[in-house]
Amino acid sequence: MTNPVLDTITVDADRLWRSLMDLAEIGAYDDERTGLRGVNRLALTDADAVGRRQVIAWMEEAGLAVRVDRMGNIYGRREGTDPTAAPVLTGSHIDSVVTAGAFDGCLGVLGGIEVVRTLHEHGIVIRRPIEVGVFTEEEGVRFGTDMLGSAVAAGRLTLDYAHALTDRDGRTLGDELARTGFDGPTDVRLDPPYA
């Protein structure tokens with residue numbers, strides 16, 4: 001038997017759209033040739049730092065406990081009734097390629113936040129914690145290694161390797177984490193999520 005209340009719960013599509021459009025304005029540019037509006041928010045640039053701060057604010061408004069690891073990966077956690085249970089992890093990234101759109105990566109992050117908002121608004125209690133992750137330098141454009149933040153979190157690459165990577169101007173990822181304020185205090189290695 002299905003629960004009719006749970007069958008009718010949906011996210012607030014308008015609020016999710018507004019979040020996507022608000023984030024798309026951070027690092028936005030107008031392409032004169034095509035007349036289109038795009039996003040240039042390379043990892044750990046000033047625009048990326050502004051975007052990260054906005055996402056953290058939305059996470060906190062949604063009641064998530066936020067932590068930042070030594071790779072600059074951001075996690076917002078909503079506890080369940082069993083805080084020892086492995087969490088359900090969702091998310092993606094908000095860094096972009098040079099000529100990006102509003103959705104790649106961002107929809108994964110903001111969609112996760114919207115799900116948490118919806119659970120909270122409907123008073124839904126969950127058993128497992130839910131975590132929304134924002135991984136650093138997933139596009140790989142600035143420091144030359146794609147899916148970098150998640151690779152370090154999974155133990156595929158070392159933190160020292162990642163921190164020593166340089167951009168074309170010779171700036172290291174480690175120095176840019178410090179400059180932007182995203183050299184977090186927590187351990188980067190993630191315990192395996194439930195899903």
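Here a biologist and a modeller talk through a predicted model.

Biologist: Let's begin with the whole chain. What makes the radius of gyration of the protein agree with that of a compact globule?

Modeller: A compact globule of 195 residues would have a radius of gyration near 16 Å, and the protein has 17 Å, so the two agree. Along its principal axes, the C-alpha trace spans about 60 × 40 × 25 Å.

Biologist: Which elements build it, and in what pattern?

Modeller: The protein has seven helices and six strands, and along the sequence they follow α-α-β-β-α-β-β-β-α-β-α-α-α. Among contacts with a separation of 6 or more, 68% come from residues 24 or more positions apart. As for cover, 46% of the 195 residues count as buried.

Biologist: On to helix H4, then. Why is Ile-113 called buried?

Modeller: Buried means under 20% relative accessible area. Ile-113, in helix H4, has 0% relative accessibility, so Ile-113 counts as buried.

Biologist: Which residues does Ile-113 touch, leaving aside neighbours within four places in sequence?

Modeller: Those in contact with Ile-113 are Val-55, Trp-58, Met-59, Ala-62 and Val-132. Leu-16 is 97 residues from Ile-113 in sequence, yet their C-alpha atoms are 8.8 Å apart.

Biologist: Leu-107 is in helix H4 too, which runs over residues 106–121. How do you know which class Leu-107 belongs to?

Modeller: Buried is under 20% and exposed is over 50%, with partly exposed in between. Leu-107 has 40% relative accessibility, so Leu-107 counts as partly exposed.

Biologist: What makes Leu-107 eligible for a patch on the surface, and which residues join it there?

Modeller: A patch takes residues with over 30% relative accessible area and no salt bridge, and nonpolar side chains are joined within 5 Å. The 40% of Leu-107 passes that area cut-off. Together with Trp-17 and Phe-103, Leu-107 forms a nonpolar patch with about 300 Å² of accessible area. For the protein overall, the exposed area is about 10100 Å², with 53% of it supplied by carbon and sulfur atoms.

Biologist: And His-93, in the loop between strand S5 and H4: why is this residue called buried?

Modeller: The cut-off is under 20%, and His-93 has 7% relative accessibility, so His-93 counts as buried. Not counting residues up to four places away, His-93 touches several others, including Asp-104, Cys-106, Val-134 and Glu-138.

Biologist: What makes the pair of His-93 and Asp-95 a polar contact?

Modeller: A polar atom of the His-93 side chain lies 2.9 Å from the backbone oxygen of Asp-95. The limit is 3.5 Å, so the distance fits.

Conventions: Residues are numbered from 1 along each chain as its sequence is written. This is a predicted model: local features need pLDDT of at least 70, side-chain atom pairs count only at pLDDT 80 or more; totals for chains, interfaces and linings use all residues. Side-chain values use heavy atoms; hydrogens and water are left out. Patches are made of residues with over 30% relative accessible area and no salt bridge: like charges are joined within 9 Å, nonpolar side chains (Val, Leu, Ile, Met, Phe, Trp, Tyr) within 5 Å. Accessible areas come from the Shrake-Rupley method with a 1.4 Å probe; for residues, only the protein chains shown count as cover. A salt bridge is a side-chain nitrogen of Lys or Arg within 4 Å of a carboxyl oxygen of Asp or Glu. Helices (H or I, at least four residues) and strands (E, at least two) are DSSP runs, numbered from the N terminus. Buried means under 20% relative accessible area, exposed over 50%, partly exposed in between (1.4 Å probe, protein chains only). Contact means heavy atoms within 4.5 Å. A polar contact is a pair of N or O atoms within 3.5 Å; within protein, one must be able to donate a hydrogen and the other to accept it, and residues adjacent in sequence count only if both atoms are side-chain atoms. The radius of gyration is taken over C-alpha atoms; the globule rule is 2.2 Å times the number of residues to the power 0.38.
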